[in-house]
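Here are some exercises on how strands line up into sheets. Have a go at each one before you read the solution.

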Amino acid sequence: MSDSPYSAGLARFFIAVADGARAQKSFDALHSLLSPGAAVLEIGSGLGLLAQRLAAAGHPVWALEPDSDMRTVLLAQWQLLPPEAQARLTPLPWVAAADTPDLPEPVHLACAFSLLHLLAPAARHGVQTWAWRQLRPGGRLVLELPVRSPQRQAGDWQLYTERPIGASRLRMETRLQGSDAEGWCTHWRFEQRLGEQLIDQGERSWHWQAFAPEAAPWADLPGCQLEAEASDESGAPFEPGVSTRRFVRLRKG
């Protein structure tokens, strides 16, 4: 079994097209909830764009990323941080599950973005159970859930971005297939060319299910209170039947 199940060895492309603006919005939203020096757990840190920002802002960060290819990029980015930020950011190769060892100390906030919809129900439950266990009383868990919406439509390949890499050019295309009833499949395709010559390429697909807008997969977490919900990282109002994403903030009573 591959130890790079998410990236399938394509993290080199992911970092080349990474959306720093989205990571900054997530940072702004989370940082506003934290007191100075408050500890954070990020499950599924990926390339580490959010974790780096939090560590640079003075927060100890536990960054879980079991995909070895993604973690290699995360560690390369970690190497570029100032020494004091490096000391605050701890990448871990763990898969979050009910039987995963606990962190040395509880955290003030835990988050999981672009993750839960890719997991089977049992694995999703394990992530939430473990994350909840790592929180201090009064701590918060922030989750992102893609939800069913008529605004999400299947379509053919379309250009996502194209950018130069030195003398070459990298092109990324995306395609969405499926439906809320049948489930969705997201496709990413990358081509790097030097002039007309194809020098590198890769393709990846993910199958996933959107959540019902009213779904509460966290309902059995003890002492759980729904504190806030939004439709994006910036806090725009969540509109059931319209919004395609739901961000929830849960507080541990």
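Some terms to start: helices (H or I, at least four residues) and strands (E, at least two) are DSSP runs, numbered from the N terminus, and two strands pair if DSSP finds at least two bridges between them. The model is predicted, so local features need pLDDT of at least 70, side-chain atom pairs count only at pLDDT 80 or more, and totals for chains, interfaces and linings use all residues. Residues are numbered from 1 along each chain as its sequence is written, and side-chain values use heavy atoms, leaving out hydrogens and water.

**Exercise 1.** Work out the order and the edges of the sheet with four strands.

Step 1: The order of this open sheet is β6-β7-β8-β9, and the pairing is antiparallel.
Step 2: β6 (155–165) and β9 (197–208) each pair on one side only, which makes them the edge strands.
Step 3: Now zoom in: β8 (residues 183–194) pairs with β9 over eleven bridges. One example is Cys185, whose bridge partner in β9 is His207.

**Exercise 2.** Trace the sheet of seven strands and find the helix packed on it.

Step 1: Read off the order β3-β2-β1-β4-β5-β11-β10; this sheet is open too, with mixed pairing.
Step 2: Its edge strands are β3 (89–92) and β10 (224–230).
Step 3: β1 (residues 40–43) and β2 (residues 61–64) run parallel, joined by four bridges. Leu41 has Trp62 in β2 as its bridge partner.
Step 4: Helix α3 (residues 49–56) packs on the sheet and touches β1, β2, β3 and β4 (107–112), where contact means heavy atoms within 4.5 Å.

Terms used: Axes fitted to C-alpha atoms, helices over the stretch in contact; angles between N-to-C directions.
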